[in-house]
Amino acid sequence: MPEFRVWAPKPERVRLDVDGVVHDMSRSQDGWWHAEVDAPPDARYGFLLDDASTVLPDPRSPRQPDGVHDRSQLWDPAEAAWTDADWPGRSVEGAVIYELHVGTFTPEGTFDAAIQKLDYLVELGVDFVELMPVNSFAGTHGWGYDGVLWYSVHEPYGGPDGLVRLVDACHARGLGVLIDAVFNHLGPSGNYLPKFGPYLSSASNPWGEGINIADADSDEVRHYIIGCALRWMRDFHADGLRLDAVHALVDTTAIPILEELATETDWLSRQLGRPLALVAESDLNDPRMITPRDRGGHGMTAQWADDIHHAIHTAVSGERQGYYADFGSLATLAQTLRHGFFHAGTYSSFRRRRHGRPLDTAEETGIPATRLVAYTCTHDQVGNRALGDRPSQNLTGGQLAVKAALVLGSPFTTMLFMGEEWGASSPFQFFSSHPEPELAQATRDGRKAEFAEHGWDADEIPDPQDLQTFERSKLIWTEVNADEHARLLQTYRDLIALRRNEPDLTDPWLDHLSVDYDQEKQWIAMRRSTIAIICNLGADPVTVPVSGELVLAWDAPKIGDNATKLPAHSFAVLRIAE
């Protein structure tokens with residue numbers, strides 16, 4: 001007979017509704033309510049708080065077949081049809097990660113449809129699939145960062161069974177899986193957690209009220225978060241998590257929740273006998289994030305490195321608006337490639353204060369470059385632009401190839417955003433499907449107001465609630481084999497293969513990396529032992545004082561005895577004598 005449990009210290013009375021039959025629950029002193037009820041394995045259930053007549057879903061709901069406002073459904077992970085018992089796992093450090101949004105990755109927008117594209121990803125050469133949030137959120141489609149029932153899987157994607165099939169299929173092909181988890185805020189639609197207990201704090205962040213991880217009665221909230229994180233890795237066999245905006249977690253405790261989560265993840269890793277990773281999105285430029293716990297750090301496996309993105313993107317594209325203001329020169333790009341962080345205790349004009357802390361990059365004492373994740377674009381760097389336009393919609397094929405060479409030729413762990421490898425023409429815009437008219441209108445108005453402040457015509461901003469905004473963000477797979485798209489795709493495949501097979505490109509230490517450049521002539525050269533990646537960021541041919549055996553190139557460089565002539569917007573990988 002199943003036992004139903006819920007932590008609900010706030011109400012004076014809690015009743016359990018199972019398939020329309022109401023049962024009383026008993027309360028423990030710790031605020032947990034219990035009831036044993038004979039129920040079928042697929043029972044629909046929920047809770048009635050105090051004298052309310054509305055049945056609320058389980059905060060730890062295993063499944064929400066009818067959306068976040070309706071009853072939960074029992075789902076037993078032990079019954080899942082796994083075939084990956086021999087999966088040994090793999091390390092994320094030094095890997096190539098592929099970030100995708102399930103709803104726009106394929107025309108169907110489901111887990112099962114994504115499985116049909118996995119062989120393509122294997123041929124591309126990636127090591128991990130990173131899924132943007134798949135937890136339950138209101139509506140049929142959205143980015144997933146407005147989740148409200150963190151334990152359950154979004155039903156329109158295929159629910160928990162669909163996620164099992166996708167992860168299992170990834171493992172069968174040697175692909176690891178990371179799941180994007182959002183623990184810094186809750187979505188505005190379907191958030192019933194405050195009715196149960198003190199899930200929210202007095203602190204706030206850009207997305208609303210913060211999560212109570214350090215105020216009174218926060219211990220159970222922390223258990224709720226850590227339990228959810230472990231569930232993705234234990235019950236759904238994920239190989240790790242990407243943790244959204246951890247800088248928005250207001251944590252004043254002596255043992256930060258990130259450190260506690262890292263400890264629990266390491267314990268689970270030992271139990272499962274395979275590596276598990278925690279990859280943080282952090283805006284702090286704080287090396288303690290990726291410093292091991294035994295050296296006083298939080299113990300994250302890796303973190304996203306926006307400075308690397310900004311330095312590469314601005315140098316290639318010429319954009320300088322907003323937080324790009326401090327970037328753009330080749331000196332800045334070289335500094336960032338050598339040190340991982342550009343802002344490292346230095347003044348940030350965008351923040352109008354000093355920002356960051358230096359990262360020790362020495363092999364003897366420091367942090368390997370593989371704990372920083374580098375990329376040419378992400379869902380944020382595309383989707384948070386006013387029109388959701390990709391670099392491929394504004395740059396030449398050569399410029400895209402140069403960006404790819406700088407990232408994939410670097411010592412950092414690297415990540416691609418779906419479709420960048422062929423220069424996808426479709427945008428990735430901000431879309432939502434809030435069912436409440438008031439919330440839908442507020443989302444529209446807020447999006448327009450945000451970009452109107454930066455000089456955009458409000459009428460040009462896509463309506464997030466318009467179904468077409470979602471539809472036009474889907475990848476167009478017929479492009480893959482067409483002309484310049486196919487050429488860029490082959491370049492990505494070649495760069496990834498070179499990264500995997502060339503021993504000198506596996507060295508993770510930044511103090512072994514050298515970078516030379518000429519700002520006026522617009523070339524930069526990244527040297528990694530016997531391999532040199534030379535790039536021409538300018539619109540005219542340029543002669544770079546580096547020569548060697550040609551390994552890979554975009555366009556046709558002319559190699560002399562002591563120099564190489566690069567066409568406009570191109571790169572070459574050379575093998576040079578030691």
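Where in the chain is E364 found? In this predicted model, E364 sits in the loop between β19 (353-355) and β20 (372-375). The residue is exposed there, with a relative accessible area of 67%. E364 also has company of like charge: together with D360, E363 and D511, E364 forms a negative surface patch.

Charges turn up in pairs, too. Side chains of opposite charge can pair when their charged atoms come close. For this structure the count comes to 27 salt bridges, and a few of them are worth walking through one by one.

Take R13 and D51, which form a salt bridge whose closest N and O atoms are 3.7 Å apart. This pair links distant parts of the chain, with the two positions 38 residues apart in sequence numbering. R13 belongs to the loop between β1 (3-7) and β2 (14-18), while D51 belongs to the loop between β6 (44-49) and β7 (72-73). As for how open the two partners are, R13 is partly exposed at 36% relative accessible area, whereas D51 counts as exposed at 70%.

The loop between β6 and β7 comes up again with R63. R63 forms a salt bridge with E155, and here the closest N and O atoms are 2.8 Å apart. E155 lies in the loop between β11 (147-153) and α4 (159-172), so the pair ties together parts of the chain that are 92 residues apart in sequence. At 18% relative accessibility, E155 counts as buried; R63, at 21%, counts as partly exposed. Those two values may look much alike, but the labels differ because buried means under 20% relative accessible area.

Further along the chain, R575 forms a salt bridge with E502, with the closest N and O atoms 3.1 Å apart. Again the pair links distant parts of the chain, 73 residues apart. R575 is in strand β29 (residues 570-575), and E502 is in the loop between α14 (483-501) and β22 (513-518). R575 counts as partly exposed, at 31% relative accessibility, while E502 is buried, with a relative accessible area of 9%. Salt bridges can also share partners, and in this way D180, R242, D244 and E281 are joined into one network.

Next come the cysteines. How many disulfides does a search of the whole structure find? The search finds zero. Why does C377 have no bond to C535? The sulfur of C535 is the closest cysteine sulfur to that of C377, yet the two are 17 Å apart, which is too far for a bond. A disulfide would need the two sulfur atoms within 2.5 Å. Looking from the other end gives a matching picture: C535 is in no disulfide, and the nearest cysteine sulfur, that of C377, is 17 Å away. Both cysteines are tucked away from the surface, in the sense that C377 is buried with a relative accessible area of 3% and C535 is buried with 0%.

The backbone has a couple of oddities as well. Most residues other than glycine have a negative phi, and most peptide bonds are trans. Against that background, Q522 stands out with a phi near 65°, a positive value in a residue other than glycine. Q522 is placed in the loop between β22 and β23 (523-528). H569 is another such case, with a positive phi near 45°. H569 also lies in a loop, the one between β28 (564-566) and β29, and H569 is buried, with a relative accessible area of 17%.

Finally, two helix residues help to give a feel for distances in the model. G159 lies in helix α4 and is buried, with a relative accessible area of 0%. From G159 to L488 there are 329 residues in sequence and 35 Å in space, taken from C-alpha to C-alpha. W267 lies in helix α7 (residues 257-272) and is partly exposed, at 43% relative accessible area. W267 and A95 are 172 residues apart in sequence, and their C-alpha atoms are 23 Å apart in space.

Definitions and conventions. Residues numbered from 1 in each chain as written. Predicted model: local features only at pLDDT ≥ 70, side-chain atom pairs only at ≥ 80, totals over all residues. Heavy atoms only, no water. Buried < 20%, exposed > 50% of the residue type's maximum accessible area, 1.4 Å probe, protein only. Patch = residues over 30% accessible without salt bridge, like charges linked within 9 Å, V, L, I, M, F, W, Y side chains within 5 Å. Areas by Shrake-Rupley, 256 points an atom, 1.4 Å probe, with all protein chains shown as cover. Salt bridge = Lys/Arg side-chain N within 4 Å of Asp/Glu carboxyl O. Lys, Arg positive; Asp, Glu negative; His and termini not counted. Charge placed at Lys NZ, Arg CZ, Asp CG, Glu CD. Helix = DSSP H or I, 4+ residues; strand = E, 2+ residues; numbered from the N terminus.
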